[in-house]
Amino acid sequence: MEIFITNDDGYTAKGIKELAEMMAPYGNVTVIAPKHAQSGMSMAVNLGGKVMEYHRLSDEEIETLGISGCGEWAYLDATPASCAKFALNTRFLDNPPDIVISGINHGSNAATASCYSGTLGAAEEGALNGILSIGVSLDTTDKDPDFSGVRKLFPKIFEQILSERPNRFGIYYNVNFPEIPADRIKGVRVGRMGLGKWVREFRKCEDEGDVSTWVMQGDYMDNPNNHHSADHRLLADGYISIVAHQLDSTDYRETERMKELGFEQDF
């Protein structure tokens with residue numbers, strides 16, 4: 001099996017190393033990840049003729065990173081979705097991979113974070129090309145977190161997704177792990193994307209004359225109407241959440257309502 005792996009934290013992040021080593025027993029692993037962290041890039045790509053630096057790591061460089069049992073490893077100075085595009089248009093041009101996996105992200109991609117996630121942006125690119133795709137995240141921004149729960153429990157989830165793959169186009173999976181030891185994780189739940197928003201997102205650092213500097217660092221406000229199966233609530237309750245996303249974001253109920261209201265006209 002050909003497995004393509006990328007992320008949005010960059011090719012040196014601990015999460016992608018863990019994921020590559022975890023997937024190595026299942027087949028041939030190819031990693032092409034961003035040179036630098038690209039969080040919040042969603043499905044953004046490098047347009048406008050921007051030159052992107054690509055570098056395939058040597059065996060010595062791979063060893064220096066502390067990676068073992070993995071195949072090709074490279075970085076591209078680009079967004080996560082561009083890394084996926086690059087892989088599918090070069091390394092896998094004639095033979096697409098069997099699966100695209102993005103992660104393991106350092107930080108939750110549950111709820112509306114999924115709208116901004118570069119991790120999921122790469123998974124979306126895989127789905128757009130008809131490839132089974134999964135985004136994997138751990139609910140902590142620690143650069144050196146404990147991935148033992150993911151190591152112990154994700155392989156079974158991966159195997160089940162692989163064996164029960166969907167027969168419809170455009171589906172990709174968002175898997176989020178709580179940051180607790182494996183023996184405290186209550187189970188796995190199929191959830192839905194939770195709703196909420198960030199408030200007070202921009203905080204001023206300093207003023208220098210007519211110029212001021214700001215940082216995005218807001219507070220999350222939960223939506224009180226969230227269902228109990230909202231993914232971020234499942235995480236908070238100690239469950240692994242799996243949400244099936246779909247590329248087609250059309251609201252079909254609203255589409256029918258608009259037709260009934262007479263939006264459609266002939267001229």
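A residue is taken as buried here when its relative accessible area is under 20%. By that criterion, 45% of the 267 residues of the protein chain are buried in this predicted model. The secondary structure of the chain amounts to 8 helices and 13 strands. Along the principal axes, the C-alpha atoms occupy a box of roughly 65 × 60 × 50 Å. For 267 residues, a compact globule would be expected to have a radius of gyration near 18 Å, and the 20 Å found for the protein chain agrees with this. Contacts across the sequence are well represented: among those with a separation of 6 or more, 76% join residues 24 or more positions apart.

The surface and the charges complete this overview. The protein chain exposes about 14400 Å², and 49% of that area is supplied by carbon and sulfur atoms. There are 25 positive and 40 negative charges, and the mean positions of the two sets are 6 Å apart.

Two strand residues offer a friendly way into the interior. Thr30 belongs to strand S2, which covers residues 28-34. Thr30 counts as buried because its relative accessible area, 0%, is under the 20% limit. Beyond its neighbours within four places in sequence, Thr30 is in contact with Ile3, Phe4, Ile5, Glu72, Arg91 and Phe92. Ala74 is found in strand S4, residues 72-76. Ala74 likewise has a relative accessibility of 0% and is therefore buried. When residues up to four places away in sequence are set aside, Ala74 touches Tyr11, Val31, Ile32, Ala33, Tyr54, His55, Arg56 and Leu57. Gly130, by contrast, lies 56 residues from Ala74 in sequence, with 23 Å between their C-alpha atoms.

Helix H5 deserves a closer look. This helix spans residues 118-128, and 10 of its 11 residues are buried, so H5 is largely enclosed by the rest of the structure. The buried positions are Gly118, Thr119, Leu120, Gly121, Ala122, Ala123, Glu124, Glu125, Gly126 and Ala127. The elements that cover them include helices H3 (80-89) and H4, together with strands S1 (2-6), S5 (99-106), S6 (132-138) and S7 (171-177).

Attention now turns to the aromatic rings. A pair of such rings is described by the distance of the centres and the angle of the planes. The structure holds 7 aromatic pairs. In one of them, Tyr116 and Trp198 meet edge-to-face, at 6.1 Å centre to centre and with 75 degrees between the planes. This pair links distant parts of the chain, with Tyr116 in helix H4 (residues 113-116) and Trp198 in strand S9 (residues 196-199), 82 residues apart. Trp198 has a relative accessible area of 29% and is thus partly exposed, as the value falls between the 20% and 50% limits.

Trp198 also pairs with Tyr220, again edge-to-face, with 4.8 Å centre to centre and 65 degrees between the planes. Here too distant parts of the chain are linked: Trp198 in strand S9 and Tyr220 in strand S12 (residues 219-222) are 22 residues apart. Tyr220 is partly exposed, at 31% relative accessibility. Elsewhere, ring pairs bring Tyr26, Phe154 and Phe158 together in a cluster.

Definitions and conventions: Residues are numbered from 1 along each chain as its sequence is written. This is a predicted model: local features need pLDDT of at least 70, side-chain atom pairs count only at pLDDT 80 or more; totals for chains, interfaces and linings use all residues. Side-chain values use heavy atoms; hydrogens and water are left out. Helices (H or I, at least four residues) and strands (E, at least two) are DSSP runs, numbered from the N terminus. Buried means under 20% relative accessible area, exposed over 50%, partly exposed in between (1.4 Å probe, protein chains only). Contact means heavy atoms within 4.5 Å. The radius of gyration is taken over C-alpha atoms; the globule rule is 2.2 Å times the number of residues to the power 0.38. Accessible areas come from the Shrake-Rupley method with a 1.4 Å probe; for residues, only the protein chains shown count as cover. Lys and Arg count as positive and Asp and Glu as negative; His and the chain ends are not counted. The place of a charge is taken as NZ of Lys, CZ of Arg, CG of Asp or CD of Glu. Rings of Phe, Tyr and Trp (its six-membered ring) pair if their centres lie within 6.5 Å; planes under 30 degrees apart count as stacked, over 60 as edge-to-face and the rest as tilted.
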